[in-house]
Every structure is written in structure tokens, then in C-alpha cells.
Amino acid sequence: MERNSSLWKNLVDEHPVCTAWKQEAEGAIYHLASILFVVGFMGGSGFFGLLYVFSLLGLGFLCSAVWAWVDVCAADIFSWNFVLFVICFMQFVHIAYQVRSITFAREFQVLYSSLFQPLGISLPVFRTIALSSEVVTLEKEHCYAMQGKTSIDKLSLLVSGRIKVTVDGEFLHYIFPFQFLDSPEWDSLRPTEEGIFQVTLTAETDCRYVSWRRKKLYLLFAQHHYISRLFSVLIGSDIADKLYALNDRIYIGKRYHYDIRLPNFYQMSSPEMRRSPLMEHFQNSRRYCDK
């Protein structure tokens, strides 16, 4: 205890106080280094944020090393700043190599910047998702799925183009870029169940979509629970958007607008009332969402 108090006394009480301050300012290199430190510590997170931080901090330590060598002529100050510069440079090279090694096709780049990056998904996580998928082209007037014929064995996300959804030849809604093609069908089945499409999906323009095979995607979910929760949120949001798109087309009685937030219309309607294919699909979609 006495040794600690003696050390504190030597550092504080007996340390010589600055009696005369330098009148002239330090050179421009010193002030440049300070500015680089201030700007560097304003960097964000993620790969590009780290590149920003380490590049500016590295330049700041390099300027401090030059200042210590030229103006101060202090070997210890120069050595520490030069070592810190080397560490920042090595970190910058390491992160730049990681970013460069993660490359995607154009469709994946668009998909990441438009859908996954705003959610804060990192490039390594998105790379894991992308490696389990494939990019498919669907030509105009070709069908992605046919009612009562196509089995539900994959999950697809539209990247470009527009797809029309119909049931018994009656138009339901469109699917636009960055929407799932088959989210209600995917959500309606358990991993061990099989099913077929109850709607027809036809490309109105040349389309490109990203597709995941059902078994391969469930295996990915089992290995990465974070990705499973991410897809659960994306699919749930997509189903809600489709339900509201259907809601905009449903009218009952004297053209009153039907609101899906109200009690189920089918529980209030008479048994003799004939349901149109549009309403039947709407009810099925409600069941998919409730499961």
C-alpha cells in the first residue's frame, strides 16, 4: 500500500509542472494526423465501415510517425506510431481480402442491396444464403406453377419482371420484384408434408428469380437458426402483403370494401351463397397465414 501511494506521489505530486508553454504550434503533419484520427473514429460498422476506420487511423498513425521522426526527433514516439500504422495496415488488407473474396452474380448483388442489406444482414451471412440457391430465367408467357399440377418443392424470390397469379382463370394479383413467388404454399406445409399449387403463376414479362430447393433450405435452417428466423420474418411479411393485395379486390354486398382485420366474412355469409374462386383462394391464404 505504501509503495502504491509512493508511486502516485511521484507521478502527481512530485512531477514537474509545466511552467513555460511553447508559443509556436506544432507542424502541419501533427495537425493532419489529429484530423485523420477524428474523422477515422466516425466510421460505421460492417466490412466497409471497418475499411474506412482502419484506413484513416493507419494514415493518422503514419503522419504521427513522420512528425515524431522529423519534428520531435523521438525514437520511442516514432516506434509506437509506426507499429500502430503497421497493425492498421494489416487489418485493412485482411478485411479487403475478405470483401474481395465475397463476389456474387448481378442478381444476388441487386437482391442484397435491395432486400437484405437494409435489414442489416452481413455479407458472410448472405453468402451462405446465396450458395444454397440458384438463379433461374422464366420467359414471357411461361408458367412457374400450374394449378393442381405443380408440386411445392422449392421457394423462389422474384428479382426482375412481373408474374400474374390466377385461379381457375380468374386474376388474383401480381407478384413484383423482391416478393416471394410461393410464400403461402411454403408456409402451408410442414417440412415432412407435400402439396401442389392451388394457383397458376404466369410470367407477364421475361423474369429472373432466385430459387431454393425445399430440402436444401430446411437443411440450411437446421444449421443456421438465425437464417431460419430471417426467412420466417420475410415470408410472413410477404404473405401479409399478398393478403392485402387480395383485400383490395374483394367487395361484398353493396360494394362495401372487405377488411381482413374484421371477423371472417365466411362465418357470416349464408351457406347457400356461392363462393367465387377468388374468395376461396383468399380463405385458403388466410388459413396459410394462421398456421
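Which residue in β7 is the bridge partner of Leu155? In this predicted model, the bridge partner of Leu155 in β7 is Trp212, and the strand to which Trp212 belongs provides a convenient point of entry into the description of the fold. The protein chain contains 11 helices and 9 strands, and of its 291 residues 38% count as buried. Among the contacts in the chain with a separation of 6 or more, 70% are accounted for by residues 24 or more positions apart.

Strand β7 (residues 207-213) is joined to β1 by 6 bridges, the two strands running antiparallel, and 6 bridges likewise join β3 to β7, again in antiparallel fashion. On the β1 side, Ser133 has Trp212 as its bridge partner in β7, while Val136 is partnered by Tyr209. Trp212 is thus the bridge partner of Ser133 and also that of Leu155. Together, 3 strands form an open sheet in the order β1-β7-β3, with antiparallel pairing. Because β1 (133-138) and β3 (154-160) stand at the edges and have a single partner strand each, one side of each is left without a neighbour in the sheet. Neighbouring strands of this sheet are turned by 30° against each other on average, when direction is ignored. As for β7, 5 of its 7 residues are buried, so that this strand is largely enclosed by the rest of the structure.

A further open sheet is formed by 4 strands in the order β2-β6-β4-β5, and here too the pairing is antiparallel. Its edges are occupied by β2 (143-145) and β5 (170-175), each of which has a single partner strand, so one side of each lacks a neighbour in the sheet. The twist from one strand to the next averages 30°. Within this sheet, strand β4 (residues 163-167) and β5 run antiparallel and are joined by 5 bridges, with Ile175 in β5 serving as the bridge partner of Ile163.

The largest nonpolar core has 32 residues, and those with the most contacts inside it are Phe116, Phe126, Phe180, Trp212 and Phe231. Two or more residues are given to this core by each of α3 (46-72), α4 (75-101), α5, α6 (123-131), β3, β7, α8 (214-223) and α9 (225-247), and the largest share, 7 residues, comes from α9. A second, separate core of 19 residues includes Leu138, Ile152, Val165 and Leu181.

Phe116 links the description of the larger core to that of helix α5. When residues up to four places away in sequence are not counted, Phe116 touches Leu111, Ile121, Phe126, Ile129, Leu230 and Leu234. In helix α5 (residues 106-116), the buried residues include Glu107, Phe108, Leu111, Tyr112, Leu115 and Phe116. These residues cover an arc of only 130° around the axis, which puts them on the same side of α5.

For the earlier part of the chain, an unreviewed UniProt entry lists residues 28-44, 50-70 and 77-97 under "transmembrane region". In the model, the chain over residues 28-44 is 76% helix and 0% strand, with the end C-alpha atoms 27 Å apart. Over residues 50-70 the chain is 100% helix and 0% strand, and the end C-alpha atoms are 30 Å apart.

How values were computed:
Residues are numbered from 1 along each chain as its sequence is written. This is a predicted model: local features need pLDDT of at least 70, side-chain atom pairs count only at pLDDT 80 or more; totals for chains, interfaces and linings use all residues. Side-chain values use heavy atoms; hydrogens and water are left out. Two strands pair if DSSP finds at least two bridges between them. Axes are lines fitted to C-alpha atoms, for helices over the stretch in contact, and angles run from 0 to 180 degrees between N-to-C directions. Buried means under 20% relative accessible area, exposed over 50%, partly exposed in between (1.4 Å probe, protein chains only). The arc is that of the directions from the helix axis to the C-beta atoms. UniProt positions are given in the numbering used here, feature names are shortened, and annotations may be inferred rather than shown by experiment. A nonpolar core is a set of buried Ala, Val, Leu, Ile, Met, Phe, Trp, Tyr and Cys residues joined through side-chain atoms within 4.5 Å. Contact means heavy atoms within 4.5 Å.
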